[in-house]
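Work through the exercises below with the sequence and the coordinates open. Each task is followed by a solution in steps.

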Amino acid sequence: MLTKRIIPCLDVKDGRVVKGVNFVDLRDAGDPVECGIAYDKAGADELVFLDITASSDRRNIVTDMVRRVAETVFIPFTVGGGIRTIDDFRAILREGADKISVNSAAIDDPTLISRAADKFGSQCVVVAIDARRRRVGKAADPSLSYSESIKINDEWQVSDGWTIYKNGGRVDMGIDAIEWAKKCEALGAGEILLTSMDADGTKDGYDNELTRLVAENVGIPVIASGGAGKLEDFYDTLTYGKADAALAASLFHFKELEIKEVKEYLRSKDIPVRL
């Protein structure tokens, strides 16, 4: 079994690391450079940096901040937010990123995935997918399986799948998440960063039904994101959810769990991790 990865994520807005719940109600979590240094020392396997308003604000990513983080970390570094062109890929890779994450621009122009993969290699191309369950009415029977229903505001609602969003979760694209993941792989993506918008920031656990379905339908690594709240959540998504890596933000930012603690727990459960 390949080594599983634990990845902290820096969601950056206005030059600060922030974290919210369900993509809203953001609160400050520190300086990106200082956070990057701390996570490198703490034993993170990789680091993800996402400029969360670059696409919605129709601006480019803050390259000087990317450079400063890259200069201080010595682990694989993925950067996303406001990446729209091959030139953007090139510029951010030159600043020290190892991988580039694309979301909105890839939805608008899927050929960006294949063009970037041809130019820089699939290993550099990470497609970020922000997915939310489709609600199709109230559930009469709360005993329905989790894949068929979800509890929202204390009401059980029927769900028949997941839809992808762009612009930081602001725009519903009406595209099925599983089909989009398969298309991304076919176009040359080397990895998928899969965020459950329903679980994001809730600390109720990853959406392992979603993660498992994507992982079973693609042959490239899937990073689970959104919902980590306790040690068991990491184990669940790396086993039942079939994720290759688990990403977390607020849990690490606010010192509720340490990366070493997570890895030691996983090792005790026979999950291969790098200590």
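A polar contact is a pair of N or O atoms within 3.5 Å; within protein, one must be able to donate a hydrogen and the other to accept it. The model is predicted.

**Exercise 1.** Find which side-chain oxygen reaches the backbone nitrogen of Asp87 at the start of H3.

Solution. Step 1: the oxygen belongs to the side chain of Thr85. Step 2: it comes to within 3.3 Å of the backbone nitrogen of Asp87. Step 3: the cut-off for a polar contact is 3.5 Å.

**Exercise 2.** Sort residues of helix H3 into buried and exposed, and explain how the buried ones are arranged.

Solution. Step 1: helix H3 spans residues 86–94, and its buried residues are Ile86, Asp88, Phe89, Ile92 and Leu93. Step 2: these lie on the same side of H3, because they cover an arc of only 160 degrees around the axis. Step 3: in an α-helix, residues three or four places apart point the same way, since there are 3.6 residues a turn. Step 4: Asp87 and Arg94 are exposed on the other side of H3.

**Exercise 3.** State which residue with a positive phi follows H3.

Solution. The residue is Gly96, with phi near 120 degrees.

**Exercise 4.** Decide where the coordinates call for caution, using pLDDT.

Solution. Step 1: the average pLDDT over the chain is 87, and 83% of the residues score at least 70. Step 2: over residues 142–148 the pLDDT is below 50, although this stretch has twelve contacts in the model beyond near neighbours in sequence. Step 3: where pLDDT is low, predicted coordinates should not be read in detail.

Terms used
Residues numbered from 1 in each chain as written. Predicted model: local features only at pLDDT ≥ 70, side-chain atom pairs only at ≥ 80, totals over all residues. Heavy atoms only, no water. Buried < 20%, exposed > 50% of the residue type's maximum accessible area, 1.4 Å probe, protein only. Helix = DSSP H or I, 4+ residues; strand = E, 2+ residues; numbered from the N terminus. Arc of directions from axis to C-beta. pLDDT = per-residue confidence, 0-100. Contact = heavy atoms within 4.5 Å.
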